[in-house]
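Student: I would like to learn how to read a protein model from its helix packing and its local backbone features. Please start with a pair of packed helices.

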Amino acid sequence: MSMMTSNKHNAVTLHESTVRPHWAERLSALRARITRHSRILIASDFDGTLSPLVEHPGDAVLTPEAPAVLARLAAMHPRVRLAFLSGRSLADLASRLGPAVDHAILVGNHGLELRGAHLDWIHRSAFTVRPHLEGLIERLAPGLEDFAGVELEDKGASLTLHYRRMDTLDFPKLRAIINALALPDQVRMHEGKKVFEFRPQVEWNKGFALRRILRRINLSDDAVVFLGDDATDEDVFRKLGTTAITVHVGSATVPSHARLNAHDPADAVLFLDALASFFDNPTFMDSRGTTPTASSGSPPCWKSPSKAAPTANTTSNPGYQG
Ligand SMILES: [Mg+2]
């Protein structure tokens with residue numbers, strides 16, 4: 001077991017198990033929805049969404065095409081606002097985003113830390129939970145010594161036990177240790193992709209954090225795009241409801257409250273590139289701030305999947321006019 005200085009989530013009840021349409025099948029409707037707004041928020045998770053999942057969480061980097069696409073979107077500030085919401089600590093997240101971080105709103109520790117848009121803020125539970133997390137580290141660490149490929153990451157406001165590199169045969173033993181852990185009332189355990197996470201026992205998550213951001217920048221759900229891949233992102237998908245553009249990154253058949261699918265982080269970045277091309281369109285917005293009839297004329301229909309829709313387009317962006 002190794003210790004890292006520098007991620008949770010509650011069990012999500014999922015109602016939708018049908019195959020989500022790929023974003024490229026809904027380009028025309030997406031364009032109509034997006035371009036009728038004078039300002040939009042594009043928000044995304046990091047790991048598994050814009051960055052391929054890696055064996056060691058410290059090695060995670062943006063997928064190769066992401067920096068250029070994020071820079072393109074960042075240059076559209078303030079018409080386009082970027083936000084990144086991660087289970088990583090805020091400082092760790094910021095260090096992995098490159099120049100895109102400059103105008104971006106950052107959310108770390110699953111919503112417990114916010115920065116940007118005059119939202120600099122830390123949830124009080126991040127402070128009150130510390131002694132309990134420190135006590136957990138003391139109790140957990142000795143039992144983890146025998147495991148190879150396990151890392152306990154201290155993120156200040158939460159702990160993450162990573163076991164992606166562990167031999168799967170060791171999982172029952174690790175699970176037994178976790179199950180035997182008597183957690184203080186102030187801490188709740190959550191499971192994600194190859195992680196156990198220990199977070200403050202509070203009614204707060206990425207979804208609440210995004211709500212706070214939307215109030216601050218005065219945007220409604222229908223002017224929001226959110227991408228995510230894991231259980232903590234379901235908190236956002238549910239919170240946003242059906243009027244936002246929500247994209248689950250991964251298998252199209254994994255149950256999710258998101259409405260659209262992207263195959264993987266590289267595909268998610270192609271989606272972002274497609275959004276950028278909508279805004280590059282000179283007819284997007286006239287000087288009075290009203291949308292041209294060409295893009296506002298067609299009603300949003302992407303929520304109603306068509307069985308006759310084309311298959312995924314994973315090439316570059318031209319031709320996204322639908
Ligand atoms: Mg993720």
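## Reading helix packing and local features

Tutor: In this predicted model, helices α2 and α9 pack with their axes 9 Å apart and at an angle of about 30°. In general, two packed helices are described by the angle between their axes and the distance between the axes.

Student: What does the angle say about the directions of α2 and α9?

Tutor: Angles under 35 degrees count as roughly parallel, and α2 and α9 are therefore roughly parallel to each other. Their crossing is left-handed.

Student: Which residues of α2 and α9 meet?

Tutor: From α2 come Ala-66, Val-69, Arg-72 and Leu-73, and from α9 come Val-269, Leu-272, Asp-273 and Ala-276. Sorted by class, this contact has six nonpolar residues, two charged residues and no polar ones.

Student: How should I read the burial pattern along a helix such as α2?

Tutor: The general idea is periodicity: an α-helix has 3.6 residues a turn, so residues three or four places apart point the same way. In α2, which spans residues 66–74, the buried residues are Ala-66, Val-69, Leu-70, Leu-73 and Ala-74. Around the axis they cover an arc of only 140°, which puts them on the same side of α2.

Student: What covers the buried residues of α2?

Tutor: The cover includes β2 (40–44), β3 (80–85) and α9 (265–280).

Student: Which angle and axis distance describe α1 and α9?

Tutor: Helix α1, residues 27–35, crosses α9 at roughly 55°, and their axes come within 10 Å. That makes α1 oblique to α9. The crossing of α1 and α9 is right-handed. On the α1 side the contact is made by Leu-27, Arg-31, Ile-34 and Thr-35, and on the α9 side by Ala-274, Leu-275 and Phe-278. By class, there are five nonpolar residues, one polar and one charged in the contact of α1 with α9.

Student: How do I put these helices in the context of the chain?

Tutor: Count the elements, then look at burial. The protein chain has 10 helices and 13 strands. Of its 322 residues, 44% are buried.

Student: Is Leu-85 buried or exposed?

Tutor: The cut-off for buried is 20 or more other C-beta atoms within 10 Å. Leu-85 has 31 within that distance, so Leu-85 is buried. Leu-85 lies in strand β3, which is also part of what covers the buried residues of α2.

Student: Which residues does Leu-85 contact, leaving aside its neighbours within four places in sequence?

Tutor: They are Ala-43, Asp-45, Val-107, Lys-206, Ala-209 and Leu-210. A separate reading uses C-alpha distance: Leu-85 and Val-236 are 9.8 Å apart in space and 151 residues apart in sequence.

Student: What does the same reading give for Val-249 in β12?

Tutor: Strand β12 covers residues 245–249, and Val-249 is in that strand. Val-249 has 27 other C-beta atoms within 10 Å, so this residue is buried too. Not counting residues up to four places away in sequence, Val-249 touches Gly-48, Thr-49, Leu-227, Gly-228, Asp-229, Ala-262, Asp-264, Pro-265 and Ala-268. Val-249 and Asp-45 are 204 residues apart in sequence, with 9.8 Å between their C-alpha atoms.

Student: What can be said about Val-61 in the loop between β2 and α2?

Tutor: Val-61 has 13 C-beta neighbours inside 10 Å and so counts as partly exposed. Outside four places in sequence, Val-61 is in contact with Ser-51 and Arg-96. Phe-46 is 15 residues from Val-61 along the chain, and their C-alpha atoms are separated by 9.1 Å.

Student: Which backbone torsions should I note?

Tutor: Look at omega, then at phi. The peptide bond from His-77 to Pro-78 is cis, with omega near 5°, and Pro-78 is in the loop between α2 and β3.

Student: Where does phi take a positive value in a residue other than glycine?

Tutor: One case is His-110, with phi near 55°, in the loop between β4 (105–108) and β5 (113–115). Another is Ala-117, whose positive phi is about 55°, in the loop between β5 and β6 (121–122).

Student: Are His-110 and Ala-117 buried or partly exposed?

Tutor: His-110 counts as buried because 31 C-beta neighbours lie inside 10 Å. Ala-117 has 18 C-beta neighbours inside 10 Å and therefore counts as partly exposed.

Methods. Residues numbered from 1 in each chain as written. Predicted model: local features only at pLDDT ≥ 70, side-chain atom pairs only at ≥ 80, totals over all residues. Buried ≥ 20, exposed ≤ 12 C-beta atoms within 10 Å, placed from the backbone. Helix = DSSP H or I, 4+ residues; strand = E, 2+ residues; numbered from the N terminus. Arc of directions from axis to C-beta. Contact = placed C-beta atoms within 7 Å. Axes fitted to C-alpha atoms, helices over the stretch in contact; angles between N-to-C directions. Parallel < 35°, antiparallel > 145°, perpendicular 65-115°, else oblique. Left-handed = near helix turned anticlockwise from the far one by under 90°. Nonpolar A, V, L, I, M, F, W, Y, C, P; charged D, E, K, R; others polar.
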